[in-house]
Amino acid sequence: MTEKKSSVLNQISLIVLAGSFAGAIFVGILVYFPLTSAEDPEAGKKSAFAAVLSQIVFLALVYIIRITIDKIIISKIKNITKAMDEVSMGNLDVEVKATGNNELSDLAESFERMRISMKTIIEKLEKEKL
């Protein structure tokens, strides 16, 4: 039975969205009080509009950042995980391409060295048996 895994990116998005909701309420309050002190009869509408507008802008930014993170980070992690799964099933011919100059490329390079070492050791063991 396979359990459905929760994505780290989804968890981060939920935290950010909760923060944006709190921020929108804060913006609404910040707008409401100065307007009510000026005795503006439209203070409630203006503060609600400011809160909704700030929420929409923030949600759009969160969505763009989420897509960027998915393309830059999550896809690389998925590729490394897929290669690790293949190697764990005995396929030592799968290669991991290391792109960039960051922690993920370091991880991919380390895994590739480990895969090559394992393949070399297994080949030597098989040679000795023959």
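Which backbone oxygen does the side chain of Arg-115 reach, and at what distance? The side chain of Arg-115 reaches the backbone oxygen of Leu-92, at 2.4 Å. The model is predicted. This report starts from the whole chain and then returns to that arginine.

## Overall layout

The chain has three helices and zero strands. Read from the N terminus, its elements run α-α-α. Helix 2 covers residues 43-88. Helix 3 covers residues 103-129.

The chain holds 130 residues, and buried residues make up 18% of them. The chain exposes about 10200 Å². Carbon and sulfur atoms supply 66% of that area. Among contacts with a separation of 6 or more, 51% come from residues 24 or more positions apart.

## The largest nonpolar core

In soluble globular proteins, nonpolar side chains tend to be buried together. Here the largest nonpolar core has seven residues. They are Ile-80, Ala-83, Val-87, Leu-92, Val-96, Ala-108 and Phe-111. Helix 2 and helix 3 are the elements that give two or more residues to this core. Helix 2 gives the most, with three residues.

Val-96 shows how the core is joined up. Beyond its neighbours within four places in sequence, Val-96 is in contact with Ile-80, Ala-83, Ala-108 and Phe-111. Each of those four is also a member of the core. Val-96 is in contact with Glu-112 as well.

## Arg-115 and its surroundings

Arg-115 is found in helix 3. Is Arg-115 buried or exposed? Arg-115 has a relative accessible area of 6%, so it counts as buried. Setting aside neighbours within four places in sequence, its contacts are Val-87, Leu-92, Asp-93, Val-94 and Glu-95. Two of these, Val-87 and Leu-92, belong to the largest nonpolar core. Leu-92 is also the residue whose backbone oxygen the Arg-115 side chain reaches.

Arg-115 has a charged partner too. Its side chain meets that of Glu-112 in a salt bridge. Both residues lie in helix 3, three residues apart, about one turn of the helix. Glu-112 is buried, as is Arg-115.

## Salt bridges

How many salt bridges are there? The count comes to three. The table gives each pair with its N to O distance.

| Pair | N to O distance |
|---|---|
| Asp-93 and Lys-119 | 2.5 Å |
| Glu-95 and Lys-97 | 3.5 Å |
| Arg-115 and Glu-112 | 2.5 Å |

Asp-93 lies in the loop between helix 2 and helix 3, and Lys-119 lies in helix 3, so their salt bridge ties together parts that are 26 residues apart in sequence. Lys-119 is partly exposed, at 26% relative accessibility. Lys-97, the partner of Glu-95, is exposed, with a relative accessible area of 63%.

Asp-93 and Glu-95 appear a second time in this region. Both are among the contacts of Arg-115.

## Links across the sequence

Leu-104 is placed in helix 3. Leu-104 is buried, with a relative accessible area of 17%. Which residues does Leu-104 touch, not counting those up to four places away in sequence? They are Ile-73, Lys-76, Ile-77 and Ile-80. Ile-80 is one of the core residues. Leu-104 and Ile-73 are 31 residues apart in sequence, and their C-alpha atoms are 7.9 Å apart in space.

Ile-74 lies in helix 2. At 15% relative accessibility, Ile-74 counts as buried. Leaving aside neighbours within four places in sequence, Ile-74 is in contact with Leu-9 and Ile-69. Ile-74 and Leu-9 are 65 residues apart along the chain, with 7.9 Å between their C-alpha atoms.

## A nonpolar patch on the surface

Some nonpolar side chains are on the outside. Phe-49, Leu-53, Val-57, Leu-61, Tyr-63, Ile-64, Ile-65 and Ile-67 form a nonpolar patch on the surface. Together they have about 800 Å² of accessible area. Phe-49 lies in helix 2. Why does Phe-49 count as exposed? Its relative accessibility is 55%, and the cut-off for exposed is over 50%.

Helix 2 therefore appears on both sides of the picture: it gives three residues to the largest nonpolar core, and it holds Phe-49, which is exposed because its relative accessibility is 55%.

Terms used. Residues numbered from 1 in each chain as written. Predicted model: local features only at pLDDT ≥ 70, side-chain atom pairs only at ≥ 80, totals over all residues. Heavy atoms only, no water. Patch = residues over 30% accessible without salt bridge, like charges linked within 9 Å, V, L, I, M, F, W, Y side chains within 5 Å. Areas by Shrake-Rupley, 256 points an atom, 1.4 Å probe, with all protein chains shown as cover. Salt bridge = Lys/Arg side-chain N within 4 Å of Asp/Glu carboxyl O. Helix = DSSP H or I, 4+ residues; strand = E, 2+ residues; numbered from the N terminus. Buried < 20%, exposed > 50% of the residue type's maximum accessible area, 1.4 Å probe, protein only. Contact = heavy atoms within 4.5 Å. Polar contact = N/O pair within 3.5 Å; in protein donor to acceptor, adjacent residues only side chain to side chain. Core = buried A, V, L, I, M, F, W, Y, C linked by side-chain atoms within 4.5 Å.
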